[in-house]
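Here is a small set of exercises to work through with the structure open. Try each task yourself before you read its solution.

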Amino acid sequence: MAYKTQLLPTFFSFKSVPTDFIDQNGGYSCVDPTKPCNREPVEELTVVVDEDTGFIIPSVFDYLLTRHKEGRDNSSFESRALRLYFDFIGGVPELNWSEGSFISYERPIYQFSKFLEELYGSGQIAGTTAKNYFSSVVRFYTHHLKFSYPFTKGVPVEYTETTIKKFDNDLTSHISGLEIKILSADCKPNIPSTKATELIPFTPEEQEMFFLSLLQNGSQELLLICLLAMNSGMRADEIADLRIDMISRYADEDSFKLKFGPLSEHKTKKNSEMPVQVSGRTIATLLRYNKSKRYLNRLAKSPSSRPYVFINKNGKPYTQKMISTLFNEFMNKYIIPINDDFYHKFHDLRVTFGLDTMKACIDSGWPKSECLAFTKTQMRHKYLKDTLLYLEHWQSSDALKKQAAVNEDILEEVFLALEGL
């Protein structure tokens, strides 16, 4: 038995109607028809589907729909967590999500916790992802416990709820949003807070899928932004504040030194003035874009006397938040529906650049000290301990040893496509 996530088309649901009970056999939610039944549209709800039957898993749908009505618009992530949970349960015949136990280690969620530890230990999943997946499953169970789902053979999970108020004496914090409830289960995965494998680069297969999909479905701006991040290690805020005059000095060099910081009137992390080396081909591609009709139409609406490299269709400069939002929206629309194990943040493009840089140094036979020094400069790390993570990651991961060469082939294909536009 296998499961997948699926984005539902917009549908209408009851507005502000609580779940009265969930049928144990059918699993569907039942509502009291005597209560108000004003309908509201539900948009972009991602659910878990049985691949064999095509049926939506009712218990998951009920939970995610309730979360959606509460204003929690993270069904994409939570559905991936619950898809993994149901996949895990489906692979162990004696486990059933609706069966608990009075013995902790016999509960499905306990065994799922150990499974997450194994995934983390083998480098297949990030520690933060494993913890967040587990938290989603705990919330799933507490939702059904709240509405007295008839679990068999005992409780499915034991947990404590801690309420944190921003201001201790604020009696209205639960209304004003200044109150946070934290659920802590007794069997959470034992995962340390830091580890070298917390660096999650794009694999060659993920890069190919991502960039080819960007070429087909993404905007030119998002494609160029991601290409720049992958080829320079620039952060989202640094890309957002990039100005045309900062790259206009380019004169067909193979490598272009891009100056950052206050002296260049450019925003960087902690006002760092360390420059970054960017491939000449990348800069040439940006300059060609900035002369295109598409960009000039946008520039005509911009009030800025010092033009940004990236501006939206209204003439306003991109922001760090806008870049992250566009990246996540693209992932949720075009990548995750065909590969729901694909879990990356925009920052992982920078991570991939750093690991490729470290690999190039290692392959050149440089001493470790020189590899660290060069990568630290390229990544513009303030502390050496940050760069050490990249060296440790290469030393502990066999899967990355062929990555850099494959990455070059993928990016070459993207550049050729861009030059043909």
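**Exercise 1. Decide whether F77 is buried or exposed in this predicted model, and find what surrounds it.**

Solution.
- Step 1: Start with the location: F77 lies in helix α2.
- Step 2: Take the relative accessible area of F77, which is 14%. Buried means under 20%, so F77 is buried.
- Step 3: Look for contacts beyond the neighbours within four places in sequence. For F77 these are T129, N132, Y133, S136 and Y343.
- Step 4: Pick N132 from that list. F77 and N132 are 55 residues apart in sequence, yet their C-alpha atoms are 9.0 Å apart in space.

**Exercise 2. Work out how α2 is oriented against α4, and which residues meet there.**

Solution.
- Step 1: Read the geometry. The axes of α2 and α4 are 9 Å apart, and the two helices pack at an angle of about 85°.
- Step 2: Name the arrangement. Angles of 65 to 115 degrees count as roughly perpendicular, so α2 is roughly perpendicular to α4.
- Step 3: Collect the residues. On the α2 side they are F77, E78, R80, A81, L82, L84, Y85 and F86. On the α4 side they are T129, N132, Y133, S136, V137, R139, F140 and Y141.
- Step 4: Sort them by class. The contact of α2 with α4 has 10 nonpolar, 3 polar and 3 charged residues.

**Exercise 3. Describe how α1 packs on α2.**

Solution.
- Step 1: Find the two elements: helix α1 covers residues 58-69 and helix α2 covers residues 75-90.
- Step 2: Take the angle, about 160°, and the separation of the axes, 11 Å.
- Step 3: Angles over 145 degrees count as roughly antiparallel, and α1 and α2 are therefore roughly antiparallel to each other.
- Step 4: Add the handedness: the crossing of α1 and α2 is right-handed.
- Step 5: List the partners. Helix α1 contributes S59, V60, Y63, L64 and R67, while α2 contributes S75, E78, S79, L82 and F86.
- Step 6: Classify them: 5 are nonpolar, 3 polar and 2 charged.

**Exercise 4. Find out where D340 sits and which residues it touches.**

Solution.
- Step 1: D340 belongs to the loop between α11 (320-335) and α12.
- Step 2: Its relative accessibility is 12%, so D340 counts as buried.
- Step 3: Setting aside neighbours within four places in sequence, D340 is in contact with K4, T5, R80 and R83.
- Step 4: Now compare sequence and space for D340 and S79. They are 261 residues apart along the chain, and their C-alpha atoms are separated by 9.2 Å.

**Exercise 5. Trace the surroundings of D348, then see how its helix meets α7.**

Solution.
- Step 1: D348 is found in helix α12, residues 347-363.
- Step 2: With a relative accessibility of 6%, D348 counts as buried.
- Step 3: Leaving out neighbours within four places in sequence, the contacts of D348 are I200, P201, F202 and Y343.
- Step 4: One of these, P201, is 147 residues from D348 in sequence, with 5.5 Å between the C-alpha atoms.
- Step 5: Turn to the helix itself. The axes of α7 (residues 220-232) and α12 come within 6 Å and cross at roughly 35°.
- Step 6: C226, A229, M230, N231 and S232 of α7 make this contact with L349, R350, T352 and F353 of α12.
- Step 7: By class, the contact of α7 with α12 has 5 nonpolar, 3 polar and 1 charged residues.

**Exercise 6. Examine S148 and K153: what is phi for each, and are they buried or exposed?**

Solution.
- Step 1: Place S148 in the loop between α4 (127-146) and β7 (159-165). K153 is in the loop between α4 and β7 as well.
- Step 2: Phi of S148 is near 60°, a positive value in a residue other than glycine. For K153, also a residue other than glycine, phi is positive and near 65°.
- Step 3: Exposed means over 50% relative accessible area. S148 is exposed at 60%, and K153 counts as exposed at 58%.

**Exercise 7. Step back and summarise the whole protein.**

Solution.
- Step 1: Count the elements: 15 helices and 10 strands.
- Step 2: Of the 421 residues, 46% are buried.
- Step 3: Among contacts with a separation of 6 or more, 67% join residues 24 or more positions apart.
- Step 4: The protein exposes about 21,900 Å², and carbon and sulfur atoms supply 53% of that area.

Notes
Residues numbered from 1 in each chain as written. Predicted model: local features only at pLDDT ≥ 70, side-chain atom pairs only at ≥ 80, totals over all residues. Heavy atoms only, no water. Helix = DSSP H or I, 4+ residues; strand = E, 2+ residues; numbered from the N terminus. Buried < 20%, exposed > 50% of the residue type's maximum accessible area, 1.4 Å probe, protein only. Contact = heavy atoms within 4.5 Å. Areas by Shrake-Rupley, 256 points an atom, 1.4 Å probe, with all protein chains shown as cover. Axes fitted to C-alpha atoms, helices over the stretch in contact; angles between N-to-C directions. Parallel < 35°, antiparallel > 145°, perpendicular 65-115°, else oblique. Left-handed = near helix turned anticlockwise from the far one by under 90°. Nonpolar A, V, L, I, M, F, W, Y, C, P; charged D, E, K, R; others polar.
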